Amino acid sequence: MKMRRLCEIIILLFFCSCATLQKPSGEKLISLSKENITRISGDYENVAKNDSIFNWMDLLWNQLKYRGVYYEKEKALNTKVHIQVINEKRLEFQLFEGDKLVKQRIVKGKIKNGFFYKRPILIIYPFIPLVFGYHTEAHRIGLVGNELVVYSKWNLWGFALVAGSEFKNESKIYYKKKE
């Protein structure tokens with residue numbers, strides 16, 4: 001009976017704590033559709049626009065891939081991300097250091113409400129009773145003028161034997177298109 005009750009609580013937590021993105025307001029967004037998704041193609045700076053405090057997790061590549069690379073600021077300034085639209089459900093991202101291709105990845109998602117929504121991430125740590133937790137993450141990509149904007153939200157909750165913690169974050173980061 002206790003195990004059933006624990007399962008019910010866990011299921012309730014999943015429904016209440018998923019990372020969901022709110023509708024943006026107050027921006028001149030270019031609404032993406034199947035007809036104009038190719039406008040997102042091009043080369044973008046990997047470092048966020050007006051990033052006064054450098055954070056490697058704010059790199060464009062790391063916003064789209066689950067914390068993929070670590071760069072110091074000086075090296076990160078020499079990187080760029082090339083985005084190529086394959087179709088309305090797939091985008092190819094390529095990470096370059098100078099002119100050298102370092103990594104590439106195809107991101108699956110869908111166009112909805114004028115954005116490209118990347119498939120959400122859900123990771124469960126199911127080692128009950130020692131460790132239990134979950135991590136959810138959601139991203140959407142849009143255009144504001146000639147800049148790429150990435151909205152991200154993540155939730156992390158867990159406990160290990162006697163202690164637990166919860167972290168949540170939501171961000172909106174702009175990246176300049178390279179000419």
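This passage describes the fold, the nonpolar cores and the aromatic and polar side-chain contacts of a predicted model.

The protein chain contains three helices and nine strands. Read from the N terminus, these elements follow the order α-β-β-α-α-β-β-β-β-β-β-β. Of the 179 residues in the protein chain, 39% are buried. The accessible surface of the chain amounts to about 10,800 Å², and carbon and sulfur atoms account for 56% of that area. When contacts between residues at least 6 apart in sequence are considered, 53% of them join residues at least 24 apart.

The packing of nonpolar side chains is a good place to look next. In soluble globular proteins, such side chains tend to be buried together. Here the largest nonpolar core has 27 residues, and the members that touch the most other members are Ile 40, Leu 60, Phe 93, Ile 141 and Leu 148. Two or more residues of this core come from each of helix H2 (60-64) and strands S3 (79-87), S4 (90-97), S7 (131-144), S8 (147-160) and S9 (163-176). Ile 40 offers a handy view of the packing: beyond its neighbours within four places in sequence, it is in contact with Leu 32, Ile 83, Val 85, Leu 91, Ile 141, Leu 143 and Leu 148. A second core, separate from the largest one, consists of five residues, among them Phe 115, Tyr 117, Val 144 and Tyr 151.

Aromatic residues deserve a paragraph of their own. The structure holds four aromatic pairs. One of these, between Phe 115 and Tyr 151, is edge-to-face, with 5.6 Å from centre to centre and 90 degrees between the planes. Phe 115 belongs to strand S6 (residues 115-127) and Tyr 151 to strand S8, so that the pair links distant parts of the chain, 36 residues apart. Phe 115 and Tyr 151 are both buried. A further pair, formed by Tyr 134 and Trp 157, is tilted, at 5.8 Å centre to centre and 35 degrees between the planes. Because Tyr 134 sits in strand S7 and Trp 157 in strand S8, this pair ties together parts that are 23 residues apart in sequence. Its two partners can also be described by their accessibility: Tyr 134 counts as buried, at 3% relative accessibility, while Trp 157, at 22%, counts as partly exposed.

Phe 115 and Tyr 151 reappear, together with Tyr 117, as one aromatic cluster. Charged side chains accompany two rings of this cluster. Arg 140 lies over the face of Phe 115, 4.7 Å from the ring centre, and Lys 112 lies over the face of Tyr 117, at 5.6 Å from the ring centre.

Two other residues round off the picture. Glu 137, located in strand S7, has a relative accessibility of 2% and therefore counts as buried. Its side chain is joined to that of His 139 by a polar contact of 2.7 Å. Asn 113, by contrast, counts as exposed, at 59% relative accessibility. This residue lies in the loop between strand S5 (100-112) and S6. The phi angle of Asn 113 is near 55 degrees, a positive value in a residue other than glycine.

Notes
Residues are numbered from 1 along each chain as its sequence is written. This is a predicted model: local features need pLDDT of at least 70, side-chain atom pairs count only at pLDDT 80 or more; totals for chains, interfaces and linings use all residues. Side-chain values use heavy atoms; hydrogens and water are left out. A nonpolar core is a set of buried Ala, Val, Leu, Ile, Met, Phe, Trp, Tyr and Cys residues joined through side-chain atoms within 4.5 Å. Buried means under 20% relative accessible area, exposed over 50%, partly exposed in between (1.4 Å probe, protein chains only). Helices (H or I, at least four residues) and strands (E, at least two) are DSSP runs, numbered from the N terminus. Contact means heavy atoms within 4.5 Å. Rings of Phe, Tyr and Trp (its six-membered ring) pair if their centres lie within 6.5 Å; planes under 30 degrees apart count as stacked, over 60 as edge-to-face and the rest as tilted. A charge sits over a ring if NZ of Lys or CZ of Arg is within 6 Å of the ring centre and within 35 degrees of the ring normal. A polar contact is a pair of N or O atoms within 3.5 Å; within protein, one must be able to donate a hydrogen and the other to accept it, and residues adjacent in sequence count only if both atoms are side-chain atoms. Accessible areas come from the Shrake-Rupley method with a 1.4 Å probe; for residues, only the protein chains shown count as cover.
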